[in-house]
Each structure stands twice: as structure tokens, then as C-alpha cells.
Amino acid sequence: MQSKIKQSGIWLLLLIVTSCSLSSSNSKNIKNADGDEFVIKRGVNVSHWLSQTDRRGKERADFFTEKDIQVISDMGYDHIRLPLDEKHLWTEKGQKNKDAFQLVHQAIKWCDKYGLRIIVDLHILRSHYFNADYNPLWKETYEKNRFVGFWKDISQELSAYPNSLLAYEILNEPVANHADDWNKLIEQTLKAIRENEPMRTVVIGSNKWQSVDTFNQLKIPKNDKHLILSFHFYSPHVFTHYKAPWSKKVGFYTGDVHYPGHPINANDLKGYDSTQIVKLLDDDTFYNKELFLSRLQQPLSVAKKYGLKLFCGEFGCLPTTELKDRVAWYTDLTQVFEENDIAWANWDYKGQFGVVNKETGMPCVEIIDALFGNK
């Protein structure tokens with residue numbers, strides 16, 4: 001696969017150019033392919049379309065189109081994770097924004113046409129944002145009831161789609177002060193969904209940014225096998241978020257970063273004060289494939305105990321890192337996923353961590369090869 005891509009030099013560009021010529025007769029209809037089971041293995045996040053963007057109207061509609069879905073399918077992905085923000089789907093008074101919901105319907109139908117599954121992920125709320133200092137969702141009964149109401153809306157809107165095509169992710173990266181607050185909200189929300197859709201697959205993740213280190217605090221609802229357990233993985237943070245302008249923790253650092261090995265060498269810390277050095281060395285573990293496997297033992301153990309599918313819903317590196325180190329990171333991590341039957345969706349398609357350049361539409365072939373194990 002790798003040699004084929006490199007020989008052509010324009011592999012994905014050709015996919016983009018020819019995508020519109022495919023007719024509906026080429027549909028890989030999921031409903032007919034896999035019965036009623038929601039099966040995923042390798043996916044990608046479609047970020048900054050209906051989440052984390054101020055685009056509206058034609059600009060929003062044009063940002064992600066059927067051509068993109070066809071490219072994703074032809075790259076070898078079998079699903080997308082679609083982040084959705086409250087402010088896109090509902091007004092402040094809780095009324096549905098029909099144009100945004102129409103784009104969701106459009107994306108689901110495109111996925112069905114091109115043989116992809118889709119996870120719709122409630123990503124950011126007015127009452128909850130994973131980087132906020134305070135989230136009313138955990139303190140105010142009104143906000144909890146409003147949240148459950150959102151999921152009733154989504155379920156009523158999307159319940160006609162096959163269970164094999166579509167799954168729900170209750171909330172992206174919950175950051176409750178106490179894990180039990182999140183566990184109780186899962187139970188309340190899942191009960192509301194199950195009243196309308198008893199067999200819909202629902203994705204639930206661990207508290208504190210879906211961390212592997214809090215996974216054993218996740219309370220798994222009893223007698224429900226239509227669940228997928230999810231974690232996110234961006235370690236070591238100083239490497240994956242190298243020069244990220246929004247990162248208060250590591251964004252200031254401009255020295256070298258490394259993978260495999262210790263992310264930062266002692267010589268790279270010259271000129272930084274003691275407070276900065278403490279932040280940078282917060283996770284100075286020797287990182288390699290074996291370390292990744294050890295870090296995943298908690299989620300692996302919980303998933304095995306309950307007989308449920310495990311899913312890494314987000315992972316990725318900014319392109320500010322050296323390409324060879326980034327390729328090594330993706331290669332080792334996805335090998336661990338594949339060897340342990342962990343489904344995954346990298347962050348993201350054409351955002352800041354993108355495998356495709358959002359301006360040119362061209363892929364980073366080396367990263368795609370690393371993700372898919374192409375030689």
C-alpha cells in the first residue's frame with residue numbers, strides 16, 4: 001500500500017477529484033452488510049465542522065462534504081466520530097437548530113453510502129467544556145435535566161437509523177470533580193435513551209478527560225451489552241501537544257522533543273525557570289511501545305471484566321513534532337491497539353492534528369501508513 005501511494009504521489013488528490021462521479025449504485029449499505037451489530041475498528045474524528053467553530057451557513061456546509069466521506073472510506077477507515085456542540089444543535093432556549101441537524105442527517109446518509117459507521121459525540125455544552133475552570137453541569141439539577149433532554153432530542157431525531165450504522169457517545173471528556181457525579185449522569189442519560197432505543201450502541205468514557213488513569217472509577221451500567229468503553233490518549237503531553245498555543249502546561253516550550261525515549265533531555269531545559277521545568281518534567285517517563293501497553297492495562301482490565309468493546313476515541317500528535325518521531329509514535333500506539341483488539345479513531349481528519357491538510361486536501365502519507373501499518 002505504501003509503495004502504491006508513494007509511486008502515484010497524488011493518491012488522495014485523485015480520490016477527491018473522482019469522488020463526485022460515484023453514483024448511489026456504489027453504496028456499501030451498512031444495514032445490509034452486518035445485520036444489527038455496530039462494528040468498528042479504525043476511524044477518524046471529523047472535527048471543527050459542527051463543533052469548536054464559528055462557521056455557519058454555506059461556509060459550515062462547505063467545510064465537510066460528501067467528497068470527504070468518500071476520501072475517508074477509500075483511505076481504509078471504517079467509521080467516523082462526529083463531535084457535536086450544543087450551540088450548533090440547539091438555541092440557548094433549547095430549540096433545535098434544524099439546519100445543523102440536517103447536516104447530521106446528511107453525514108449519516110453519506111456514511112451509509114460509503115460503507116462507514118458513525119459515532120455522534122456530544123462534545124461541548126454551554127454547561128460543560130473540558131478545558132473550563134467551572135462546569136455547571138455537575139452542580140445544577142437544571143443543567144443535568146437539560147442534558148438528558150438533549151439526548152432525548154437526539155434519540156427521537158436519529159432513532160430510525162440502523163443500530164449497525166449509528167452509535168451515540170454521551171459526552172466528550174467529562175471533568176466532574178467526583179467520578180460518581182459522572183456515573184450518576186451516565187445512568188440517568190442511558191435510561192432516557194433506552195426508553196426509546198433499547199439496542200442502540202452507546203459509548204461511555206472515563207472521568208477526567210477520558211483518562212486511562214481513572215478508568216477503574218467508571219461505573220458500568222448493569223445488564224447492558226450495547227455499550228462501548230472509551231478512553232483518550234495524548235501521552236506524553238509535551239510531545240503530542242508540542243508548541244500548542246492553547247496549552248498552558250507545555251505550550252511555552254520550544255526546545256526539542258523526542259519519541260521514543262524521554263520526551264525532553266536535560267540539555268533541552270537550559271533557559272527555563274524551575275516552575276517551567278517542573279511542568280515539563282511532569283511526565284518524564286521513558287516512552288516506547290511497552291510503556292503504552294502498560295498504561296492501557298486499566299481500561300483493558302475493565303473491558304475484559306465486563307466483556308465490552310474498548311475504544312480509543314481520540315489520540316494524535318501535532319505536526320510541530322519531527323515527522324520521524326511522530327511516525328514512530330503513531331506506529332507503536334496503533335500496533336498496541338491492534339494487538340489488543342482496541343478500536344480507535346485518531347484526532348483528526350483535517351484539523352490541527354489532521355492527516356489531511358485542510359487547505360490543500362493532500363494527505364500526510366507517512367502518517368496514514370503509520371496508522372494503518374502499511375509497509
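Two strands are said to pair if DSSP finds at least two bridges between them. In this predicted model, that condition is met by strand 3 (residues 117-124) and strand 4, which pair in the parallel sense over 4 bridges. Within this arrangement, isoleucine 119 stands opposite alanine 167 in strand 4. Between the two strands, the chain leaves strand 3, passes through helix 8 (residues 141-158) and arrives at strand 4, in a β-α-β crossover that is right-handed.

On its way along the chain, strand 4 is followed by a further crossover, in which the path from strand 4 runs through helix 9 (residues 179-196) to strand 5, and this β-α-β crossover is right-handed. Strand 4 and strand 5 (residues 202-205) run parallel and are joined by 2 bridges, and the bridge partner of tyrosine 168 in strand 5 is valine 202.

The surroundings of strand 4 can be described through its side chains. In a regular strand the side chains alternate between the two faces of the sheet. In strand 4 (residues 166-169), Leu166 and Tyr168 lie on one side and Ala167 and Glu169 on the other, and all of these residues are buried, so that both faces of the strand are covered.

Aromatic contacts were considered next. A pair of aromatic rings is described by the distance of the centres and the angle of the planes. A search of the whole structure finds 26 aromatic pairs. One of them is formed by tryptophan 49 and phenylalanine 64, whose rings are tilted, with 5.0 Å from centre to centre and 50° between the planes. This pair links distant parts of the chain, 15 residues apart, since tryptophan 49 belongs to the loop between strand 1 (42-45) and helix 4 (57-63), whereas phenylalanine 64 belongs to the loop between helix 4 and helix 5 (66-75). Tryptophan 49 counts as buried because its relative accessibility is 0%, and phenylalanine 64, with a relative accessible area of 0%, is buried too. Another aromatic pair, that of tryptophan 329 and tyrosine 330, is edge-to-face, with 5.3 Å from centre to centre and 85° between the planes. Here, tryptophan 329 and tyrosine 330 are both buried.

Contacts between a charge and a ring were also found. The charged end of lysine 350 sits over the ring of phenylalanine 63, at 4.6 Å from the centre of that ring. Lysine 96, in turn, lies over the face of phenylalanine 101, at a distance of 5.4 Å from the ring centre.

Terms used:
Residues are numbered from 1 along each chain as its sequence is written. This is a predicted model: local features need pLDDT of at least 70, side-chain atom pairs count only at pLDDT 80 or more; totals for chains, interfaces and linings use all residues. Side-chain values use heavy atoms; hydrogens and water are left out. Rings of Phe, Tyr and Trp (its six-membered ring) pair if their centres lie within 6.5 Å; planes under 30 degrees apart count as stacked, over 60 as edge-to-face and the rest as tilted. Buried means under 20% relative accessible area, exposed over 50%, partly exposed in between (1.4 Å probe, protein chains only). A charge sits over a ring if NZ of Lys or CZ of Arg is within 6 Å of the ring centre and within 35 degrees of the ring normal. A crossover is right-handed if, with the strands pointing away from the viewer, the path from the first strand over the helix to the second runs clockwise.
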